[in-house]
Amino acid sequence: MQTCLKKLQYVGVLSFATIGMDATPQIRCISAIHYEPDAFYFFTARGKEFCRELLHDGHVQILAYTRYKEMIRVSTRAVPLPETEQSNYIDLIFREQPYLSHLYPGDTRSIGIVFAVRDMEIEYFNLGVNPIFRERYRAGSVTMRQKGYRITERCTGCGKCASVCPQQCIAPGKPYRILQEHCLHCGNCSQHCPVQAIARQG
């Protein structure tokens with residue numbers, strides 16, 4: 001989990017996705033971020049639609065893509081810091097991101113607000129290795145739902161799923177078993193199972 005947070009910091013500019021007030025998807029690039037070992041904090045202006053959306057709902061997904069074909073996605077709820085902490089974190093972010101002083105010179109930085117991300121689900125997905133590798137991590141008190149596919153007891157052991165798996169990540173057994181850390185979640189196994197023994201999780 002901490003390695004993923006460090007990689008987010010190396011990427012620098014992250015994509016933040018929210019739901020707009022008109023229920024349409026919205027996405028922005030954010031770089032005004034301060035990182036700590038198990039949390040991070042980001043700055044935006046109080047008058048922006050981005051801030052309005054976060055204050056209304058708080059749910060946000062954050063995505064980074066590295067040069068090594070790694071994708072890191074954070075699912076979380078962003079929470080505004082208490083007013084007593086805002087000034088200190090704004091000053092801290094401005095020290096770490098000097099370009100912000102050109103955008104908000106002098107006292108104009110007071111229009112800003114800092115949100116905290118502490119409880120989060122982090123998904124790591126590496127397309128640059130063979131087989132691919134994926135893992136999920138949790139920070140704080142967040143509930144992680146299951147994703148992908150699983151093979152149920154209806155499996156007859158015919159092996160059709162393993163033969164069509166693009167990552168060859170299905171192991172024989174009774175029933176056959178999907179190696180979740182290498183699964184693409186493409187659903188090809190489910191599409192080809194002759195007895196509908198493969199179920200979507202979540």
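Which residues touch the most other members of the largest nonpolar core? I shall answer that directly, after a word on the basis of the values. This is a predicted model, in which local features need pLDDT of at least 70, side-chain atom pairs count only at pLDDT 80 or more, and totals for chains, interfaces and linings use all residues. Residues are numbered from 1 along each chain as its sequence is written, and side-chain values use heavy atoms, with hydrogens and water left out.

To the question, then. The largest nonpolar core has 26 residues, and those touching the most other members are Leu8, Leu14, Phe16, Ile33, Phe40, Phe42 and Met120. A nonpolar core here is a set of buried Ala, Val, Leu, Ile, Met, Phe, Trp, Tyr and Cys residues joined through side-chain atoms within 4.5 Å. Buried stands for under 20% relative accessible area, exposed for over 50%, and partly exposed for the range in between, with a 1.4 Å probe and protein chains only. A second core, separate from the largest, has 15 residues, including Leu81, Ile93, Val114 and Ala116.

Leu14 is in contact (heavy atoms within 4.5 Å) with Leu8, Arg28, Cys29, Ile30, Ile33, Tyr35, Ile62, Leu63 and Ala64, leaving aside residues up to four places away in sequence.

I turn to the helices. Helices (H or I, at least four residues) and strands (E, at least two) are DSSP runs, numbered from the N terminus. Helix α1 spans residues 2-11, and its Cys4, Leu5 and Leu8 are buried. Viewed down the axis of α1, these buried residues fall within an arc of 100°, so they line one face of the helix; the arc is taken over the directions from the helix axis to the C-beta atoms. Gln2, Thr3 and Tyr10, on the other side of α1, are exposed. Gly12 follows α1 with a positive phi, near 90°.

Helix α2, residues 49-56, buries Phe50, Cys51, Glu53 and Leu54. Their arc, seen down the axis of α2, is within 160°, so they too line one face of their helix. The buried residues of α2 pack against β1 (14-19), β2 (25-30), β4 (39-45), β5 (59-65) and β8 (112-117). Gly58, just after α2, has a positive phi of about 90°.

Finally, the cysteines. With a disulfide defined as a pair of cysteine sulfur atoms within 2.5 Å, the count is zero. Cys169 is in no disulfide, the nearest cysteine sulfur being that of Cys165, 3.7 Å away. Cys169 is buried, at 3% relative accessibility. Why is Cys183 not bonded to Cys169? Their sulfurs are 4.7 Å apart, which is too far for a bond, although Cys169 holds the cysteine sulfur closest to that of Cys183. Cys183 is also buried, with a relative accessible area of 9%.
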